[in-house]
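Please look over the chain below before reading on. The text after it goes through the fold, the cores, the open and closed spaces, and a few single residues.

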Amino acid sequence: FRMLYSRGVERSNCIEVLTGTIPRQQQTKDMLNRSDRSNLNSLPLQDRPSRMRPFHFTFRSSMSMQPHMRLAAWASLILATVSALGQTTFNIVHYNVSGGFAVGQSVRETSNGYLVFGLQTQLDTTWQDCSISSFNQSGGFTGEQYLHRPRFESFGDADPIGTILNGGYIGAQSTYSGGIPVDTVFAIRFNAEGDTLWTKPILSDTIAYAVKTISKAGHFYFTGLEASGILLGNSAYVIRTDTMANMEMIHLNATLYDPKTMDVDQQGNIYMGGIGAAVVGSDKGYLLKIDSMGNELWHAYSQKPSGFWLGVKHVFGNKVLCMGEWRTYVLPPPGAPYDNTMYLSMYSDAGGFLWEYSGLRSGPNDGGWATFTDGYQDSDSTFIVCGAIQQAFWNRAVIYRFTENGDSLWRRDYAHFGNLDDLHPEIPWDIEPTSDGGMVLTGETWNQDTVPPLSDQNMWLLK
């Protein structure tokens, strides 16, 4: 269908395959708002939790198109549908063994299958522990281990674990509460099978937590938030260490008061993203670049009135992709709707704004999810992103493929439970390429089961 689009299908129309669209070129490349989901509400995924819903497609064409073009288009659509119907290798939910919640945050392919780094309830003195869950190549659960501390724990949010080039992984375990007034962040080194090799404290303060860890060129990088004393002035931090977590550099930034993500380029330059305050009461997506010595090189605010970045990636050698959401208000005034919208921005790594893309919008009155969370570069000129979207009784994880110039090539929608109300989202926290040319996703999928041994918040693994 891309060939047909480029060879003369009228630009005032669009080809719609499965649940994806290719809109005509627009300055901001806004996605068509497909808010009418009444035809999808009749497909109750909760009745078939382990299978994908049937795909729906339509074709809009100009009356001026020749019959052979119509035939070719229909043939390509049918072939695309047949191919796509078989594209899901597995779509599984993993329930917490203690009857509590379970969330997947990072997923990595191994020689035996997949590792999921996450957050779960466990039978110890607190109800929130970091976990490492193992699955075979078919998605079957094979084992689990927990990082026990007598406090609340967390790895971060969107893909917080770093992959070490010569084998293994690096993460940061934040510990807090539990009757201890000081929070502590531990660096944790894992081997290729997810076993813990060592831990080392790297930061302690009144409030201290980590959100993202990167391994690059013989160094480890950690980012998160630190706040000291009674006034608790928030500062984002980035720490660079050697491969034994010995401190080499720390940088603090008070403008980025809610850090959520980070990436590092081959020269050791660091890109931090999250929420910054352009003016008091105006939360905006904020991107900060510092050099390997901790000197600020430039910063940029989102082009939209309010929002945040959950993911930042240095891509195509000289560009920075920001993934998150935007909205008109931090909190809407009385009578005004929530309007969360999935949002991408691309910058040059010199700080120049290149393009933006507004995608699907959440339901108008519920403030639900409409957020890009993670992605990766998948070719010399394209990239993959994933995110969560909620509309009226339609909750999905969505995966897009884009060109480096911001043109959407396709979109796929996935769920495990899916068609429940806005209290039960489908949230992807990490998406990674796999060795067979596919991709694997982890996150959380919600159902309505709150009776032990099941919880309504469950770990999700999709291949």
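What follows is a walk through this structure, which is a predicted model.

The protein has two helices and 32 strands. Of its 463 residues, 58% are buried. Among contacts between residues at least 6 apart in sequence, 50% join residues at least 24 apart.

The interior can be taken up next. In general, nonpolar side chains of soluble globular proteins tend to be buried together. In this model the largest nonpolar core has 19 residues, and Leu321, Leu344, Phe383, Val385 and Tyr400 have the most contacts inside it. Two or more residues of this core come from each of β23 (319–327), β24 (341–348), β25 (353–361), β26 (370–377), β27 (382–391) and β28 (394–403). The largest share, four residues, is that of β28. Another core, of 15 residues, lies apart from this one, and includes Leu203, Phe220, Tyr237 and Ala245.

Which residues does Leu344 touch, not counting those up to four places away in sequence? The list is Trp309, Leu321, Cys322, Met323, Trp355, Glu356, Tyr357, Phe372, Phe383, Val385 and Phe402. One of these neighbours, Cys322, is buried, with a relative accessible area of 0%. Cys386 is buried too, with a relative accessible area of 0%. As for cysteine pairing, a disulfide is a covalent bond between the sulfur atoms of two cysteines. The count of disulfides in this model comes to zero.

The open spaces come next. The largest pocket has a volume of about 1,100 Å³. It is lined by 42 residues, and the closest to its centre are Thr163, Ile214, Ser215, Lys216 and Glu432. The elements that give two or more residues to this lining are β5 (102–109), β10 (162–163), β14 (207–216), β18 (256–264), β22 (306–315), β26 and β30 (426–433). Among the elements, β14 gives the most to the lining of the largest pocket, with five residues. By class, that lining holds 17 nonpolar, 15 polar and ten charged residues.

The second largest pocket has a volume of about 330 Å³. Its lining has 19 residues, and Gln87, Trp410, Tyr414, Gly438 and Met439 lie nearest its centre. Here β28, β29 (408–414) and β31 (439–446) are the elements that give two or more residues to the lining. The residues lining the second largest pocket divide into ten nonpolar, five polar and four charged. The strand β28 thus appears in two settings: it gives four residues to the largest core, and it also contributes to the lining of the second largest pocket.

There are also closed spaces: the model has two cavities of 30 Å³ or more. The second largest cavity holds about 30 Å³ of space. Its lining is made of Ala158, Lys212, Thr261, Met262, Leu310, Gly311, Val312, Lys313, Met323, Thr373 and Asp374. At least two lining residues are supplied by each of β18, β22 and β26, and the largest share, four residues, comes from β22. Five of the lining residues are nonpolar, three polar and three charged. Met323, which lines this cavity, is also among the residues that Leu344 touches.

Three residues in loops remain. Phe90 sits in the loop between α2 (67–85) and β4 (91–94). Is Phe90 buried or exposed? Phe90 is buried, with a relative accessible area of 5%. Leaving aside residues up to four places away in sequence, Phe90 touches Tyr114, Gln137, Ser138, Gly139, Leu461, Leu462 and Lys463. Of these, Gly139 is 49 residues from Phe90 in sequence, while the C-alpha atoms of the two are 6.3 Å apart in space.

The other two are alanines, and the point of interest is the backbone angle phi. Most residues other than glycine have a negative phi. Ala217, in the loop between β14 and β15 (219–227), has a positive phi of about 50 degrees. Ala245, in the loop between β16 (235–241) and β17 (247–253), also has a positive phi, near 65 degrees. How do the relative accessible areas of the two stand? Ala217 is exposed, at 62%, whereas Ala245 is buried, at 5%. Ala245 is also one of the residues of the 15-residue core.

How values were computed. Residues numbered from 1 in each chain as written. Predicted model: local features only at pLDDT ≥ 70, side-chain atom pairs only at ≥ 80, totals over all residues. Heavy atoms only, no water. Core = buried A, V, L, I, M, F, W, Y, C linked by side-chain atoms within 4.5 Å. Buried < 20%, exposed > 50% of the residue type's maximum accessible area, 1.4 Å probe, protein only. Contact = heavy atoms within 4.5 Å. Disulfide = S-S within 2.5 Å. 1 Å grid on protein atoms, 1.4 Å probe; cavity = no way out; pocket = protein on both sides within 12 Å on 5 of 7 lines; lining within 4 Å. Points joined across faces, edges and corners; volume = space filled by probe spheres on them. Nonpolar A, V, L, I, M, F, W, Y, C, P; charged D, E, K, R; others polar.
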